[in-house]
Amino acid sequence: MWTARTAFVLCVAIFPYLYQQKNPPPPLQVYVFINGLPDEKPWPELKLPELLGSGTVKALHAAIESEWDSLRRSACQMAAGRALWKHVIHDEVAELLAGETYLKNIYEKIKNDRLNNAKEIHGVILAVRTLWFDSKLEAALSSFDGGGAQVVLLGAGMDARSYRLNCLKESNIFEVDFPEVLNAKTTILEEAVNSRGLVTPKSLSRVAADLTEDDWLEKLQTSGFEPMKNTVWILEGLLYYLSHTHAMKLLRTIAEKCNITHTVLLADFMNKQATTLSSSTYHFYCDWPDELLPSLGFSDVKLSQIGDPDARFGLLQDPLNLFDKLRNLPRSIQIHPDDGTPCCRLYLLQACGLPSS
Ligand SMILES: C[S@@+](CC[C@H](N)C(=O)[O-])C[C@H]1O[C@@H](n2cnc3c(N)ncnc32)[C@H](O)[C@@H]1O
């Protein structure tokens, strides 16, 4: 299935045998990875969980499909992506939260990409993005010196991080999204708790709010958010759905918290070209978020692009992959000089704030 290209796509993982003299070496394991899967392995098959066909969950997904707008449905699309990259993202409820339609849809795309020897497999951006947020969140939580931490997921959608990450076990978690999204998520997860014994997080509050309204912060505080406590803010797959005015207002509100307590912001930004992929869906963009965030009061701002050493996770092995091509061009370039395509970029940003005294 993978022919001449395979020769160029060798990523060989050999475990070093540092203690060879004392211990007999374990069997040498050599894997050849292409886009995140050992070359010879088929993509994990799509097996729909039984619970998806059960009364409540089935009816809920039917309602999601017929009644929700595309903004709210994007939550299920993200969950479907994570479910289908389950060999790298261990999210045991992603399939349930995604629903059959999105799972089948994305599975077909992945199958076609594999058949056509695509340089990037559908959903790889989402997989890298998820793993990047996971790893930066874990690092942020361990950087706080004691005192506990709270984690706020704005536009949490069907993200099940609070169930799947050990590093969140001791945190107070707040998920903010539209009421319909959070209600559906709660119902589906309750079904999973009842039928599969899914373990619920110790402290998780769901806060129904519209982030374009002025009262979301108040609602967050009413739900137990403490302004003085160390906080990680997660804005994953959110900002570009907002208007420029609303996205900037949101970022300013979080920036103000930097003056009060140790604050970490993790967020992804589209550049202008990326929003042209669907100008009716994507609105806010920023070509230089690493300049924007310091101007708002954040410090230690670090920008990563998909494919950077901290944002590849072994998933981009084809040397001709789009992301490495983009990374090799100056960020100011809007149109790719080789093929005339727009340079659509997704920037992953980490920033923090610490009161000066
Ligand atoms: C692409 S999904 C991302 C969900 C989740 N962060 C993830 O990565 O799986 C975008 C989410 O933002 C939520 N969202 C967008 N605009 C919002 C707003 N104004 N208020 C509250 N939630 C919003 C949507 O409902 C949706 O759940």
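Leu242 counts as buried because it has 21 C-beta neighbours inside 10 Å. Buried here means 20 or more other C-beta atoms within 10 Å of the residue's own, exposed means 12 or fewer, and partly exposed lies in between, with C-beta atoms placed from the backbone. Leu242 sits in the loop between β6 and α9 (244-257). Helices (H or I, at least four residues) and strands (E, at least two) are DSSP runs, numbered from the N terminus.

Before I go on, the basis. This is a predicted model, in which local features need pLDDT of at least 70 and side-chain atom pairs count only at pLDDT 80 or more, while totals for chains, interfaces and linings use all residues. Residues are numbered from 1 along each chain as its sequence is written.

Back to the loop. Not counting residues up to four places away in sequence, Leu242 touches Thr212, Ala247, Leu250, His283 and Phe284. A contact is a pair of C-beta atoms, placed from the backbone, within 7 Å. For Leu242 and Thr212 the C-alpha to C-alpha distance is 7.8 Å, at 30 residues apart in sequence.

Leu211 is in another loop, between β5 (204-208) and α8 (216-222). Leu211 is also buried, because 21 other C-beta atoms lie within 10 Å. Outside the residues up to four places away in sequence, Leu211 touches Leu154, Gly155, Val176, Trp216 and Leu250. Leu250 is thus a contact of Leu211 and of Leu242. Ala247, a contact of Leu242, is 36 residues from Leu211 in sequence and 9.0 Å from it in space, C-alpha to C-alpha.

Now the chain as a whole. It has twelve helices and nine strands, and 38% of its 357 residues count as buried. Of the contacts with a separation of 6 or more, 70% are between residues 24 or more positions apart.

Next, the core. The largest nonpolar core has 88 residues, and those with the most contacts inside it are Ala79, Leu97, Ala98, Trp233 and Ile234. A nonpolar core is a set of buried Ala, Val, Leu, Ile, Met, Phe, Trp, Tyr and Cys residues joined through C-beta atoms within 7 Å. Helix α5 (residues 124-143) gives the most to this core, with eight residues. At least three residues come from each of domain 1 (50-115) and domain 2 (124-353), with bounds taken from an automatic or database domain assignment. As for Ala98, leaving aside its neighbours within four places in sequence, its contacts are Cys76, Ala79, Ala80, Ala83, Leu103 and Met158.

Two helices deserve a slide each. What span should the 20 residues of α5 have at 1.5 Å a residue? They should span 28 Å, and the end C-alpha atoms are 28 Å apart, which agrees. The expected span is 1.5 Å times one less than the number of residues. Among the buried residues of α5 are Val124, Trp132, Phe133 and Lys136. The buried residues of this helix pack against α2, β6 (231-235), β7 (263-270), β8 (299-305) and β9 (346-353).

Helix α2 has 15 residues and reaches 20 Å from its first C-alpha to its last, close to the 21 Å expected. It is mostly covered, with eleven of its 15 residues buried; these include Ser74, Gln77 and Arg82. The buried residues of α2 pack against α1 (55-67), α3 (94-98), α4 (100-115), α5 and α7 (179-196).

The same helix, α2 (residues 70-84), supplies the largest share of the shell around the ligand, five residues. In total 20 residues surround the ligand, the closest being Ala75, Met78, Gly155, Gly157 and Gly237. A residue belongs here if its C-beta atom, placed from the backbone, lies within 6 Å. By class the shell has ten nonpolar, five polar and five charged residues. Ala, Val, Leu, Ile, Met, Phe, Trp, Tyr, Cys and Pro count as nonpolar, Asp, Glu, Lys and Arg as charged, and the others, Gly among them, as polar. The shell draws at least three residues from each of domain 1 (50-115) and domain 2 (124-353).

Last, two backbone outliers to look at. Asn117, in the loop between α4 and α5, has a phi near 50°, a positive value in a residue other than glycine. Asn117 counts as partly exposed because it has 15 C-beta neighbours inside 10 Å. Asp300 lies in strand β8 and has a positive phi of about 50° although it is not a glycine. Asp300 counts as exposed, with 12 C-beta neighbours inside 10 Å.

Terms used:
Two residues are in contact if their C-beta atoms, placed from the backbone, lie within 7 Å.
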